[in-house]
Amino acid sequence: MVARRWRTAGRALLRVIAVWAVSTLTLLVLAGALPDFQLQSDDGDSVTRTAVTAAWGAGAFGLLSALVWPVLVRALLLVSALVLGLLVFFLNGSLLLIALWMIPDGRGAADPETAVVVAAVMSAVASATSTALAVRDDDAYRRRLYRLADRRRRRRGEDGGGPVPPGMVFLQLDGVGHEVLRRAAKDGVMPTVAAWLATTHRLTLWRTDWSSQTGASQLGILHGTNHDVPAFRWYEKDSGRIMVTNRPASAAELQRRAIRRTGDDGLLAVDGASRGNLFSGGAEQLALVLSVAARRGRANRSRAGYFAYFSDPANAVRTALSFTAEAAREVGQSTRARLRNDRPRVKRGGLYPFIRAFATVVERDVVVAAVIGDMLAGRSAVYADLVAYDEVAHHSGPHSRDALLVLRRLDRSLALLAGVAEHAPRAYRIVLLSDHGQSPGETFEGAYGLTLKDLVRAGCGLPVSRRAERSKSGAEARDAAGDALRVALHRPVAQGADEQPAPAPGADPKDPMVLASGNLALISFPDAPERLSREQIDRRHPALLGTLANHPGIGFLLVRSEEHGSVVLGRGGAEVPVAELADGNRDDSPLGVFGPGAAEAVRRTDSFPHVADIMVNSMYDPETGAVHAFEEQIGSHGGLGGEQSQPFLLSPLELSAPVDEGTEGDEGAEGAELIGAERVHRVLKRWLRECGAPWEPPTGPVEPARRDDAVRDCAVPDDAVPDDAVPDTSV
């Protein structure tokens, strides 16, 4: 035993010496290549003296990086994660200047700009050398993982005695549809997933609710209910607020409502960890969770999870370099798309290259590192969201080469996590799933030359933009708009202005509010306290419903009727009461092309308290799979139509099948489909029990007046960060 420890210590010492030597050599090379960086006195030094100076500088820089860097990162936790990533170069350069100052006789000197370059190169070289040595020494790597795991168990007071049941890791690939994953595995884009499918896992398709977006799906998966989440954005008449599921205050309120409705803290309530999600799932261990981001206090800020990752300067430099490369890659890809005149295409300038780089590099690296830490700590359940594909597919298309390259990199992350699981203190069952897919297609504005808001205002006889007036959307769009559009377009337009702005919010409460959620849109009339009926809308704006229902870019509308209850309206005067809806079983059903589950999804949403006055779903072409997003997205989700409603569940064969041999609800019926995020929640909860995880059954719905600990934990405090302080990007 003693001899083994000496050998281990000797190997560690040799690795330190090797990294030190390579760093010294790097300093010497940079001193010869960069005119503003020197390691000699002004009179010149011998080669030996210069080498000793370089060794001093390399050693001091390495020591400062190990001791000072974690303190700097912790002190900068209040800085936004994006700014922190950009400060990496500056901080590393500052540490190098201090290291040069520590060299005896002042032989080291560099300009600040040169110091930044030298520090970045040295960190990258040191990281590569250390990684190469660790890869070649598998035993050392394995011992390090075990040592980290043992240390974490001791901190938690665990003795490690007795058998430990398997843990569960749920990895959400945001926006990856069932068909996209299957094709990526088949074509070799995702070899890790292909290997799992061939040996250890089964692939299952599940269907989303009408609102096929992360907010609705993840709330249902993590908290067991997504009741009253009609879209990504919606207006609530009783409170006068716009809810947006990826804003901290809205996410916290939705989580509070879910806990109140179910009386259950969530899927991760027992020894769980939530990483990179909109909601906590009841987990105690949180990092980058939006529903707690509105809290004041450093311990509860969502970016606190960045500390563990950026405290390693090698990680910080590698991620910063990758961030820069990804932003440059996006600029190159968007430029090539413009030169090729690719269609469909949306604008990808401004801050988007940096937003994409954050989603595909920073968020991915930090979340993967957090999951690795959770597995080494032996936590029972981990749920993490990787959003890289979804972000790129929105702007490049779900089947584009750009999106496939992101899938390839995500597959490498999956391979890394699978490798770490082999060294964890307990066995892990890795479940891969998605929250929705994406459907391709030209935007509504790109196809018809006017936005949905323009069309709604035209149908109401209100002024529209000059751009809509000059639109060349063709005879179909003009005929669909009818007389109401012609009346609106002949109103006077302000001279000298390219576009007449719509009235400011609140200027005229009778004006309709149009909120887009992918290819689903919600139209509300804020001045009416209740949900308007079809008859009331017709009295206000006789041409509106006909203009919308007969437009070729719109598939169907949902409105409430005083005579027939709620009805679905389609082109050519089609009208079907919601109670009589069927999935394609009626020739006149506007839902006929939308496939299985559409009728039930519409019926369920119609029962929500905050359903809009008019629900609008775009057209869907079953031959091409195309829809029209009401936002600037050529890959969209949020409504019905195509792959956006068909996410996947990839589960180990050791677990019971999701849709047969079950014990809970309809998802356990032989041959049944897995429909809705709430049923996925029940499947995942069943799997946790199969793995031996302790579970506390819910005690029943919590009364609205009750303020138990679970509800209080996710409530938004009075001094919460306002929604307007957070960029509104689509989930």
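Begin by selecting Ala252, which is buried, with a relative accessible area of 2%, and keep in mind from the start that the model on your screen is predicted. Ala252 is found in helix H10, which covers residues 248-262. Now add Ser291 to the selection: although Ala252 and Ser291 are 39 residues apart in sequence, their C-alpha atoms lie 4.3 Å apart in space.

Before going further, zoom out to the whole protein, where there are 24 helices and 22 strands. Buried residues make up 54% of the 731 residues, and among contacts between residues at least 6 apart in sequence, 72% join residues at least 24 apart.

For an example of two residues that are distant along the chain, select Leu205, whose place is in strand S4, residues 201-207. Leu205 and Pro647 are 442 residues apart in sequence, and yet they are 6.1 Å apart in space when taken from C-alpha to C-alpha. Leaving aside residues up to four places away in sequence, Leu205 touches His178, Gln646, Pro647 and Leu674. Is Leu205 buried or exposed, or does it fall in between? With 27% relative accessibility, Leu205 counts as partly exposed, because buried would require a value under 20% and exposed a value over 50%.

Next, select helix H13 (residues 352-377) together with helix H15 (residues 401-421), whose axes come within 10 Å and cross at roughly 15°. Since angles under 35 degrees count as roughly parallel, H13 and H15 are therefore roughly parallel to each other, and H13 passes H15 in a right-handed crossing. If you display the side chains, you can look for the residues that meet here, including Val368, Val371 and Ile372 in H13 and Leu410, Leu416 and Leu417 in H15. By class, this contact of H13 with H15 has 10 nonpolar, 1 polar and 4 charged residues.

A second helix pair is H9 (residues 214-223) with H23 (residues 677-690), where the axes come within 7 Å and cross at roughly 30°. The crossing of H9 and H23 is right-handed. Among the residues that meet are Ala216, Gly220 and Leu222 in H9, and Val680, His681 and Leu684 in H23. The contact of H9 with H23 divides into 6 nonpolar, 4 polar and 1 charged residues.

Now turn to the backbone in the loop between helix H12 (313-340) and H13, where Pro344 is found. A cis peptide bond joins Arg343 and Pro344, with omega at about 0°. In the loop between H12 and H13 you can also select Asn341, which has a positive phi of about 60° although it is not a glycine. Both features deserve a look, because most residues other than glycine have a negative phi, and most peptide bonds are trans. Asn341 is partly exposed, with a relative accessible area of 45%.

Another positive phi, near 50°, belongs to Asp271, again a residue other than glycine. Asp271 is found in the loop between H10 and strand S7, residues 272-275, and at 25% relative accessibility Asp271 counts as partly exposed.

Finish with two cysteines. Cys460, at 12% relative accessibility, counts as buried, and Cys691, at 6% relative accessibility, counts as buried too. How many disulfides are there in the model? The count comes to 0 disulfides, where a disulfide is taken to be a pair of cysteine sulfur atoms within 2.5 Å.

Key
Residues numbered from 1 in each chain as written. Predicted model: local features only at pLDDT ≥ 70, side-chain atom pairs only at ≥ 80, totals over all residues. Heavy atoms only, no water. Buried < 20%, exposed > 50% of the residue type's maximum accessible area, 1.4 Å probe, protein only. Axes fitted to C-alpha atoms, helices over the stretch in contact; angles between N-to-C directions. Helix = DSSP H or I, 4+ residues; strand = E, 2+ residues; numbered from the N terminus. Parallel < 35°, antiparallel > 145°, perpendicular 65-115°, else oblique. Left-handed = near helix turned anticlockwise from the far one by under 90°. Contact = heavy atoms within 4.5 Å. Nonpolar A, V, L, I, M, F, W, Y, C, P; charged D, E, K, R; others polar.
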